[in-house]
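User: I have a few questions about this model. Please keep the answers short.

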Amino acid sequence: MEVIFTYCAGLDVHKKTVMACRVTPDPTGQQVDGLMELQEFGTMTVDLLALSDWLAAAGITHVAMESTGEYWKPLYNILEGDFTVFLVNAAHVKQVPGRKTDKADARWLAKLMRYGLLQASFIPPIEQRDLRDLTRYRTKLVQERSREVNRVQGVLERANIKLAAVATDIMGVSARAILAALVEGRADPATMAELAKRRMRSKIPLLEQALTGLVRDHHRQLLAMQLAHIDFLDEQIEALSAEIMRRLAALRGDEPPSVPPGPTGEAGNGATPESASVPMTFARAVTLLDTIPGVNQRGGELLVAEWGIDMGRFGTAARLAAWSGVAPGNDESAGKQRSGKTRQGNQALRTGLTQLAHAAARTKGTYLSALYQRLAARRGKKRAIIAVAHSIVVSAFHMLCRHEPYRELGANYFDVRQREPLVDRLTRRLARLGYHVTLEPVAAA
């Protein structure tokens, strides 16, 4: 059945101007595409309100606009409550080669919207968008803190101080006490080495050598400013974490988690009616995601802020992985696969998933670490990390759908799944080395 929006509009959004095209039915029936009216507006709030009134005066119900950088957000804030707004990918609405103008782009968007040929991008509710802003800003502060720590290390190197050669973390308790003494001007290496705590005290002789340098007032001034900045960032990160937890506790899901239908149309893969009927909250979703190896509290908060808790909007785990930017690319023509490069996807989410995948790959005795080791040898470390991130997304999708914690498959999952081929291969290798192997089943303990 063809979907046609009789009253619709297309907006070509730029930094300073918005070209709008509204389409209404032609009462005479002579214009098949309807009556198209074009008008240009500014991007100040007063101008955007005038645009909203101009659209409402013609009875417009659906509006389409491209997602161009950050410029669509002010317009979306104005139109969100009064119209059905479609935010579309610019790559999906390209015109055929030819003359390109803002007016032509606005008319083209309106025409595609009128015939129902546009697919709207996922825009979460405003409460979730606010939560997403907090988690993304916290990520930026954590990254800035790491850069500031690197600057501290650079100052120490220029002052001939080799603290990082002895202390694993130059921001640890012992290292911070030593740095504070260094800033205060107590440049005696033996005195500063005595400030070491716990296990660092066994390295006091090495510390004395590492703290022997050429420290000037210039270096002390830089270190004081950098350490103060790090302390400030720590306070901001803690404040953001507390606010994020408060927002998570306030957000609640209105509907029970969506369970994808199985082959027979029923909730498949172990989902029970009891788990499907339990309402999911944002805080509960973070707790569930925290059970995945490599995913901590902050990682769960990031995923929930980006995805939400209703997996029904994505439909399948494959679509969620593709939207997250960790699914294999698909570029095929005439039966020939041209590229398998992953799409860009959500950059903040993709970066976070990559970090979580690195953490999961370092875990011991887990399926995700075995998956990484298995793929890194054949496909390379970068592809293996993306594969681990993809596995995390798939697991998270089903966990949120079924309201169930993570189920560990074990590090020997691939060996058990391919038991017979593995045994044959290892037996042949031992035979080539001159050993005769007799296989006997071992009773389970």
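Analyst: Buried means under 20% relative accessible area, exposed over 50%, and partly exposed in between (1.4 Å probe, protein chains only). The model is predicted: local features need pLDDT of at least 70, side-chain atom pairs count only at pLDDT 80 or more, and totals for chains, interfaces and linings use all residues. Residues are numbered from 1 along each chain as its sequence is written, and side-chain values use heavy atoms, with hydrogens and water left out.

User: Is Cys 401 buried or exposed?
Analyst: The cut-off for buried is under 20%. Cys 401 has 1% relative accessibility, so Cys 401 counts as buried.

User: How many disulfides does the structure hold?
Analyst: A disulfide is a pair of cysteine sulfur atoms within 2.5 Å. The number of disulfides here is 0.

User: Which cysteine sulfur is nearest to that of Cys 8, and how far away is it?
Analyst: Cys 8 is buried, with a relative accessible area of 0%. Cys 8 is in no disulfide. The nearest cysteine sulfur belongs to Cys 21, at 8.2 Å.

User: Where is Glu 148 found, and which side chain does the side chain of Glu 148 join in a polar contact of 3.3 Å?
Analyst: Glu 148 lies in helix α4, residues 126-158 (helices are DSSP runs of H or I, at least four residues, numbered from the N terminus). Glu 148 is buried, at 7% relative accessible area. A polar contact is a pair of N or O atoms within 3.5 Å; within protein, one must be able to donate a hydrogen and the other to accept it, and residues adjacent in sequence count only if both atoms are side-chain atoms. The partner at 3.3 Å is His 229.

Methods: Helices (H or I, at least four residues) and strands (E, at least two) are DSSP runs, numbered from the N terminus.
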